[in-house]
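Please open the model in your viewer and keep the sequence panel beside it, as this tour moves from one selection to the next and says what is to be found at each stop.

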Amino acid sequence: MTGPAPILFANVSKTFFKHDGTPFFACRELSFEVKAREIVAIVGETGCGKSTSFNMLLGLQKPDVGDIQVLGLDPFSESDALRGQVGIIFQSDRLLPWRTTIENISFGLEVLNIPLTQRRQTAGKWLERVGLKGFEDAYPHELSGGMRQRVSIARAFAIEPKILYADEAFTALDELTAERIRKDLLELIRETAITTLFITHSVSEAVDIAQRVLVFGRPGCLICEINCEENRAAGKSTHEIEQLIRQGLRVAHKTMSAEGAGEGVATDEVVRAEGSTSKGREPI
Ligand SMILES: Nc1ncnc2c1ncn2[C@@H]1O[C@H](COP(=O)(O)OP(=O)(O)OP(=O)(O)O)[C@@H](O)[C@H]1O
Ligand SMILES: [Mg+2]
């Protein structure tokens, strides 16, 4: 029996305002879901609303209309109940510069009020798991970019979350380092069978990691989805699957060009709906 999808977007629209006060859509009628233990990638042109959809998943911003559920909860109004259930890896590592490696890894555990001894033990386990043994007491400025990203991966997993989000986790790294860390992260994802949603600009990274790839168009909507697993089972090569995604991206680009600047002008109806707040919470 399969339960409800851990991540659910149903007809979600979100508007922002330009400097002159004109509203525009960042997401428009966006619907998709991620099933339990699935690994799903989002690809799409810059500015098409990928991070905005993540911010709404994180409860940092509220959709104007539509329904978002994470583990059956509204991430905006029920964010407290979701604390500790979601691990996040960002493009920039977002480590606390005044904390050592071990202290950074245990940060989430501290927020969850896990006792010190247990915190140290769990953080130590994850530190080793990401290959940073010996760097327990190093500060972020003493680590390379790749090592810092490893710390943020360990920090995300240390809380044993049910869901993992990653927003362009490897973009800031050189290709070789990115490849190594990507491989290690995929191993961790498979090992923990964690439901994963990640954003990437790399089509090959998407095919490498994801079972399913969502192609976003602008303003934030689903153009198509490519099921990598099914395509592989049907005999398609990695190259052919990548081509399918690139085709989707071309369709998305054409759709965007057909809409002019690509930012759909929001109607009054959406702007007014549900109090229409385009202001969200400050990122933590
Ligand atoms: N807080 C905000 N206020 C106003 N406009 C915003 C805000 N956040 C995002 N936008 C705009 O919404 C649109 C979508 O932005 P978003 O960051 O979601 O895109 P993205 O797909 O993540 O892009 P990228 O690939 O460059 O990271 C863009 O036009 C962006 O300028
Ligand atoms: Mg983004």
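## First stop: a glutamate in a helix

Select Glu 242, which lies in helix α10, the run of residues 238–258. The model is a predicted one, and that should be kept in mind at every stop. Glu 242 has a relative accessible area of 12%, and because buried means under 20%, this residue counts as buried. If you set aside its neighbours within four places in sequence, the residues in contact with Glu 242 are Val 203, Ser 204 and Val 207.

## The whole protein

Now zoom out and colour by secondary structure, where the protein shows 11 helices and nine strands. Of its 284 residues, 50% count as buried, and the protein exposes about 14000 Å², with carbon and sulfur atoms supplying 51% of that area. Among the contacts between residues at least 6 apart in sequence, 71% join residues at least 24 apart.

## The ligand and its shell

Select ligand 1 next and display the residues around it. Which residues come closest to ligand 1? Of the 15 that surround it, the closest are Thr 46, Gly 47, Lys 50, Thr 52 and His 201.

Begin with Thr 46, where a polar side-chain atom lies 2.3 Å from an oxygen atom of the ligand. At Gly 47 look instead at the backbone, since there a backbone N or O atom is 2.8 Å from a ligand oxygen atom. Cys 48 also offers a polar backbone atom, at 3.1 Å from an oxygen atom of ligand 1. Taken alone, ligand 1 exposes 630 Å², and the protein buries 65% of that area.

Seen by secondary structure, β2 (23–34) and α1 (50–57) each supply at least two residues of the shell, and the largest share, three residues, comes from α1. Seen by residue character, the shell divides into four nonpolar, seven polar and four charged residues.

## An enclosed helix

Move on to helix α6, residues 145–158, whose 14 residues reach 20 Å from the first C-alpha to the last, close to the 20 Å expected at 1.5 Å a residue. Is α6 largely enclosed or largely open to the outside? Because 12 of its 14 residues are buried, α6 is largely enclosed by the rest of the structure. Among the buried residues are Met 147, Val 151, Ile 153 and Phe 157, and they also include the charged residues Arg 150 and Arg 155. To see what covers them, show β5 (86–89), α3 (101–105), α4 (107–111), α5 (116–129), β6 (163–167) and α7 (175–192), which are included in that cover.

From α6, step across to Glu 128 in helix α5. The C-alpha atoms of Glu 128 and Ala 154 are separated by 9.0 Å, although the two residues are 26 apart along the chain. Glu 128 itself is partly exposed, with a relative accessible area of 47%.

## The start of the chain

Select Pro 6, in the segment before β1 (7–17); this proline is buried, with a relative accessible area of 7%. Not counting residues up to four places away in sequence, Pro 6 touches Val 34, Lys 35, Ala 36, Gln 69, Val 70, Leu 71, Ile 163 and Thr 195.

A little further along is Thr 22, in the loop between β1 and β2, where it counts as partly exposed at 27% relative accessibility. Its side chain makes a polar contact of 2.5 Å with the side chain of Asp 20, and beyond its neighbours within four places, Thr 22 is in contact with Phe 16 and Phe 17.

## Backbone geometry to check

Most residues other than glycine have a negative phi, and most peptide bonds are trans. With that in mind, select Asn 11 in strand β1, where phi is positive at about 50°. Leu 71, in the loop between β4 (65–70) and α2 (79–82), likewise has a positive phi of about 50°. Glu 160, which follows α6, has a positive phi near 50°.

Finish at the peptide bond joining Arg 218 and Pro 219, which is cis, with omega about 0°. Pro 219 is found in the loop between β8 (212–217) and β9 (221–227).

Note on methods: Residues numbered from 1 in each chain as written. Chains lettered and ligands numbered in written order. Predicted model: local features only at pLDDT ≥ 70, side-chain atom pairs only at ≥ 80, totals over all residues. Heavy atoms only, no water. Near = heavy atom within 4 Å. Polar contact = N/O pair within 3.5 Å; in protein donor to acceptor, adjacent residues only side chain to side chain. Areas by Shrake-Rupley, 256 points an atom, 1.4 Å probe, with all protein chains shown as cover. Helix = DSSP H or I, 4+ residues; strand = E, 2+ residues; numbered from the N terminus. Buried < 20%, exposed > 50% of the residue type's maximum accessible area, 1.4 Å probe, protein only. Contact = heavy atoms within 4.5 Å. Expected span 1.5 Å × (residues − 1).
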